[in-house]
Amino acid sequence: MENSKTVKLILEDGTEIQGQSFGAFSSVAGEVVFSTAMTGYPENLTDPSFAGQILVLTYPIVGNYGVPGEDLYESISKIFESDKIHIAGLVVNYYSDEHSHWNAAKSLGDWLKEYNIPGIAGVDTRMLTKILREKGAMLGKIVAEEDVPLHDPNQDNLVAQVSPPEVKHYGSGQHKIVLVDCGTKTNIIRCFLERDVELIRVPWDYDYSQIDYDGLFLSNGPGDPKMCDATIKHLQNALQQDKPIFGICLGSQLMGLAAGGDTFKLKYGHRSHNQPVRLSGTQRSYITSQNHGFAVDTATLPAEWEMLFENLNDGTCEGIKHKTKPFFSTQFHPEAAGGPQDTEFMFDDFIEAVKKYKATSN
Ligand SMILES: NC(=O)CC[C@H](N)C(=O)O
């Protein structure tokens, strides 16, 4: 790092912080968001929900365990959450360019360079996070040589950019699940394949009404859920039927919108591996993995719907359910890559709902 070049992080409120370049020496603009997760940068950086975002990590030492090599299973990655880095840029305090870990294949800096993603180190990311918590998530840019204009990624249809254009099939289990891929994390696919599922992964705007499926799944994904008009339209048709539907993160927001409710942008979002949520109607809480900047406005849900989980930090909606039909969602990530895996039972609940539907509809 001693010989690295100087770069700047500039926020829309005028905050300007100097640091050292690592990864690509290039400029980029995006929405600046923070994560307080202590580990898991290989998983986070490849999560498509981060598209368009400059990610600030509060954990002070980053890069020390390097980046694992690729390993495939059923043509999907065993390790990463998609097939590329999706963040726009990375902001860290101390970047460790020497790494040591049993499965490391390269350094974080070299991995970022492969995808032309700039990193800036030497930033007091906890001080920066205080600014973002105070003023809310902001637009910003990492500036190397060339200046770039600020850009709001939430104005773009990011889902259309990350959703694969073709239909893909995985597994040969008993339960036929359609996965609407708005930018799915691969651990969602892994969780299904462990549960006797035949998975049909379709693009975000695909009309799956002709497929004879047993259950419908709506994935996570980047940006403002209101951009997904085509997904919402197809979902509204599916909500007329009785086949089980499960949504995660963006999928939860899309379910809320298709049901007739509204979503709003949170001040600074939830991004970490230790977000507490409470299951409605109980005193039971779970520690969850989260990465979202929008939420369903529970007050706008029609009478047949209710909140399923509540965030214990700020009271916002962490999932919804239909009162009589098998439709439910989590705003958090029960597939949890990286951890904690305490809520993976949501996949079992969904498969149980699918079994019940199949038993009663025949
Ligand atoms: N992980 C996700 O699916 C994120 C959903 C949405 N893009 C948000 O920021 O709230």
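**Entry 1. Cavities**

I began with the enclosed space and counted 2 cavities of 30 Å³ or more. I note at the outset that this is a predicted model.

I looked up the larger of these spaces, and the largest cavity holds about 160 Å³. I found 19 residues in its lining, and Ser49, Gln53, Gly223, Gly293 and Phe294 lie nearest its centre. I then asked which elements supply at least two residues each to this lining, and they are α7 (250-259), β19 and β20 (285-297). The greatest contribution is that of β20, with 4 residues. By class I recorded 7 nonpolar, 9 polar and 3 charged residues for the lining of the largest cavity. Domain 1 (6-155) and domain 2 (158-361) both give residues to this lining, so I place the largest cavity between them.

I turned next to the second largest cavity, for which I noted about 80 Å³ of space. Its lining has 15 residues, and those nearest the centre are Asn44, His273, Ser289, Gln290 and Asn291. The elements giving two or more residues to this lining are β19 and β20. I recorded 3 nonpolar, 9 polar and 3 charged residues in the lining of the second largest cavity. Each of domain 1 (6-155) and domain 2 (158-361) provides at least three residues of that lining.

**Entry 2. Annotated positions**

I consulted the UniProt annotation. The unreviewed entry carries a "binding site" feature that covers Ser49, Gly221, Gly223, Leu250, Gln253, Asn291, Gly293 and Phe294. Are these positions gathered or scattered in the model? They span 246 residues in sequence, yet no two of their C-alpha atoms are more than 13.1 Å apart, so I regard them as gathered at one spot. I then compared the set with the cavity lining, and the lining of the largest cavity takes in Ser49, Gly221, Gly223, Leu250, Gln253, Asn291, Gly293 and Phe294.

I examined two of the annotated residues individually, starting with Ser49. I located Ser49 in the loop between α1 (41-45) and β4 (53-57). Is Ser49 buried or exposed? The relative accessible area of Ser49 is 7%, and the cut-off for burial is under 20%, so I list Ser49 as buried. Leaving out residues up to four places away in sequence, I found that Ser49 touches Asn220, Gly221, Pro222 and Asn291. Two of these partners, Gly221 and Asn291, also belong to the "binding site" annotation in the UniProt record.

I went on to Gly221, which sits in the loop between β17 (215-218) and α6 (229-238). Gly221 has a relative accessibility of 11% and therefore counts as buried. With residues up to four places away in sequence again set aside, Gly221 touches Ser49, Cys182, Gly183 and Leu250.

**Entry 3. Domains**

I checked the domain assignment, which gives domain 1 (6-155) and domain 2 (158-361). I noted 26 Å between the C-alpha centres of domain 1 and domain 2. How many residues of each domain take part in the contact? I recorded 35 residues from domain 1 and 30 residues from domain 2.

**Entry 4. Pockets**

I then moved to the open pockets. The largest pocket has a volume of about 560 Å³. I listed 32 lining residues, with Ser82, Asp83, Lys84, His86 and Val162 nearest the centre. Two or more residues of this lining come from each of β8 (76-77), α4 (158-162) and β14 (168-170). The element that gives the most is α4, with 3 residues. By class I obtained 15 nonpolar, 10 polar and 7 charged residues for the lining of the largest pocket. Where does the largest pocket lie with respect to the domains? Domain 1 (6-155) and domain 2 (158-361) both give residues to its lining, so the largest pocket lies between them.

For the second largest pocket I noted about 240 Å³ of space. I found 15 lining residues, of which Arg133, Tyr268, Gly269, His270 and Gln275 lie nearest its centre. Strand β19 (residues 262-279) gives the most to this lining, with 9 residues. The classes here are 3 nonpolar, 8 polar and 4 charged residues. I also place the second largest pocket between domain 1 (6-155) and domain 2 (158-361), because both give residues to its lining.

How values were computed
Residues are numbered from 1 along each chain as its sequence is written. This is a predicted model: local features need pLDDT of at least 70, side-chain atom pairs count only at pLDDT 80 or more; totals for chains, interfaces and linings use all residues. Side-chain values use heavy atoms; hydrogens and water are left out. On a 1 Å grid over the protein atoms alone, a cavity is a set of points where a 1.4 Å probe fits but cannot get out, and a pocket is an open set with protein on both sides within 12 Å along at least five of seven lines; lining residues have an atom within 4 Å of a point. Grid points are joined across faces, edges and corners, and a volume is the space filled by probe spheres set on the points. Ala, Val, Leu, Ile, Met, Phe, Trp, Tyr, Cys and Pro count as nonpolar, Asp, Glu, Lys and Arg as charged, and the others, Gly among them, as polar. Domain bounds come from an automatic or database domain assignment. UniProt positions are given in the numbering used here, feature names are shortened, and annotations may be inferred rather than shown by experiment. Buried means under 20% relative accessible area, exposed over 50%, partly exposed in between (1.4 Å probe, protein chains only). Contact means heavy atoms within 4.5 Å.
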